[in-house]
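User: Hello! I would like to learn how to read some features of a protein model. Could you walk me through them?

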Amino acid sequence: MEAAWDIAFVLFQVWLSIVVGLIMLPAMFGMSLGFTDIYIKVLVKTLEWATLRIQRGQNEQPTLPSQSANGIIEKDDGSMEEKIRQLRRSHPDNLAGGDFTLCDAFYFCKKGIENIVEDQVTQRFTSEELASWNLLTRTNNNFRYISVRLTIIWGLGVFIRYCILLPLRITLAVIGLSWLVIGTTLVGLLPSSNVKNWLSDLVHITCYRICARALSATIRYHNKENRPKKGGICVANHTSPIDIVILANDGCYAMVGQVHGGLMGVIQRSMVRSCPHVWFERAEMKDRHAVAKRLKEHIADKTKLPILIFPEGTCINNTSVMMFKKGSFEIGGTIYPVAIKYDPQFGDAFWNSAKYNMVSYILRMMTSWAIVCNVWYLAPMTRQDGEDAVHFANRVKSAIAQQGGLVDLSWDGGLKRERVKESFKEEQQKMYSSMIVGLDCHEASVGPE
Amino acid sequence: MGSRASSLLREEDIEEIKKETGFSHSQITRLYSRFHSLDKGENGALSREDFQRIPELAINPLGDRIINAFFPEGTNKKYTAREDQVNFRGFMRTLAHFRPVEDNEKNKDLTSGEPLNSRTNKLHFAFQLYDLDRDDKISRDELLQVLRMMVGVNISDEQLGSIADRTIQEADTNGDMCISFSEFTKVLEKVDVEQKMSIRFLH
């Protein structure tokens, strides 16, 4: 029995030293031994091979994989006015004083049915459908059994992901987080000075680098010259909690968020010891002025790190950018927009909080192939004279959407859980009413304005 | 390694739906995925709330009337288990009205004689948007109610009333102050119903 325990202990020591030597230490110094790159290359080749086999297996429809991600129906866009006028062209003329025709309902009817089949909003709250299978069971929606070889590769994949990668990743995550807590607490003991700030940055970056390795994350940063500077606000599209790890790998930010209990609370409290972050009590979050005041104070102090904010307020599935809440854009200061785009082929980073809780989400992340993403730093923006916060927010949102290749939507991410406001329906009704009584309006407004 | 959502849909069901509606096999499986994603309660049927959860439909002035079209009166056991729920077959049957009309359509095995997406059936679908009590007549009252849904608070009662009167006057040929289905069809005979009430389904 003793012998068995000794052997187990030795194995454990070997395991730990491998992890520390080959992964942790290089991470601390920002070096990469290239393992992840090789891994990704092998993965890409394997997935390409798998795609070809699936295509060959579906001989009758060789172009199917690329089409299935394009939607169920083809919509022809046109404004309400255009469409209803087209409808009425063939209808016999009406008498003056009202422009309603029975076929007007056709427009609303067709739009309604189109939206039942496929709409722009609800699809953003579930994971993106892949064009071709990436050998993960969870993405196997439309692909049926193809061949024995594919099944073997898939089985091998399961083994590698669950038995080799998962324990490794969990070890790294545990080391990374404990390092964060211990390191920041130690740094917190020092008096305020430049050395303290430098050490705090080092501790934070190291921890995030280790966490990134824990997810096999490959991140490509573009336009590093636009990196957020102190006293500014960094704004990005939100897909998952991992966004923080992705961004913090290349710079230090002051986090903004709600105070949590449990493990998160411990991490939050120790982080704030080494450098100022902005944590709000639940009650404080409801008071918008208090929130704005604290953020203003933070950015006024040029020695403090740039704030990181996700204005969408909730996780979206990385195919689109939804409405930016105007609160962060009213504070003033320079906004540094950042666009984050994940490559869904290697692992779906989207956190569907309705379906998965945090623990199962992290588990899914750690059993994916890898997290591959691109980060673009966009040129800083400030609010122009006479521009209101909503307009400014939309401007920033469009820039991020365009850079990341995402659809720019003005729908509120809160629609994940809440109903849409009545005022939008009223807008539609108003638009239609002006079409019916348009003639009267024109006659009435002829005259000095 | 089959797909999860469509494994709940059996091949026999797909064949039956194919015969009844004319959709292709792949269209049916894709629409089943959509049905499944709308079905938050995961009980194989959609309620009115499930439809209301689609924001773009919730802001459509005729949204409630369109949703209502999925819930036919009475309980035809094939399409609804309860009055306020519609199953996948019922869902597909209603959507079938919006399939484009093709010249080489071969729907010979339909018992009703006419395919669901014929011009007449498309017009009937639109007719039922106005006919609130399903008595095959659009009365002045019903027309007013639907008009009110479409314009909201932006037009006065009197103006709306005169619009309704004029519309009925134009369409009514037998003098009963109501629009029957044949009168409705006559008024819209020049409108390209086939194109305006059709949706292009991919593959």
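## Rings, charges and a sheet

Analyst: Gladly! Let us start with a charge and a ring: B:Arg99 sits over the face of B:Phe23, with 5.7 Å to the ring centre. Please keep in mind that this is a predicted model.

User: Thanks. Which residue lies over the face of A:Trp369?

Analyst: That is A:Arg161, placed 5.3 Å from the ring centre.

User: And how is a pair of aromatic rings described?

Analyst: Two quantities do the job: the distance of the centres and the angle of the planes. Over all chains, this structure holds 20 aromatic pairs. Take B:Tyr32 and B:Phe88: their centres are 4.8 Å apart with 90° between the planes, an edge-to-face pair. B:Tyr32 belongs to helix H2 (residues 25-38) of chain B and B:Phe88 to helix H6 (residues 88-96) of chain B, so this pair ties together parts that are 56 residues apart in sequence.

User: Are B:Tyr32 and B:Phe88 buried or exposed?

Analyst: Both are buried. Now compare the geometry of B:Phe51 and B:Phe70, a tilted pair with 4.9 Å centre to centre and 35° between the planes. Here B:Phe51 lies in helix H3 (residues 48-52) of chain B, while B:Phe70 is in the loop between helix H5 (63-69) and strand S2 (85-87) of chain B, so the pair links parts 19 residues apart in sequence. B:Phe51 and B:Phe70 are both buried too.

User: Which residues form one aromatic cluster?

Analyst: The cluster is made of B:Tyr32, B:Phe35, B:Phe51, B:Phe70, B:Phe71, B:Phe88 and B:Phe91. Both pairs we just discussed have their rings in that list.

User: Let us move to the sheet. What is the order of the strands in the open sheet of chain A?

Analyst: Read across the sheet, the seven strands run S2-S9-S8-S3-S6-S4-S5, with mixed pairing. Strand S2 (217-222) and strand S5 (278-280) of chain A are at the edges with a single partner strand each, so one side of each has no neighbour in the sheet. From one strand to the next, the twist averages 25°.

User: How many bridges join strand S4 of chain A to S5(A)?

Analyst: Three, and strand S4 (residues 254-258) runs parallel to S5(A). Within this pairing, A:Val256 stands opposite A:Val278 in S5(A).

User: Which helix packs on the sheet?

Analyst: Helix H11 (residues 288-300) of chain A does, touching strand S3 (233-236), S4, S5 and strand S6 (307-309) of chain A. The direction of H11 makes about 170° with that of S5(A).

Conventions
Residues are numbered from 1 along each chain as its sequence is written. Chains are lettered from A and ligands numbered from 1 in the order in which they are written. This is a predicted model: local features need pLDDT of at least 70, side-chain atom pairs count only at pLDDT 80 or more; totals for chains, interfaces and linings use all residues. Side-chain values use heavy atoms; hydrogens and water are left out. Two strands pair if DSSP finds at least two bridges between them. Helices (H or I, at least four residues) and strands (E, at least two) are DSSP runs, numbered from the N terminus. Axes are lines fitted to C-alpha atoms, for helices over the stretch in contact, and angles run from 0 to 180 degrees between N-to-C directions. Contact means heavy atoms within 4.5 Å. Rings of Phe, Tyr and Trp (its six-membered ring) pair if their centres lie within 6.5 Å; planes under 30 degrees apart count as stacked, over 60 as edge-to-face and the rest as tilted. Buried means under 20% relative accessible area, exposed over 50%, partly exposed in between (1.4 Å probe, protein chains only). A charge sits over a ring if NZ of Lys or CZ of Arg is within 6 Å of the ring centre and within 35 degrees of the ring normal.
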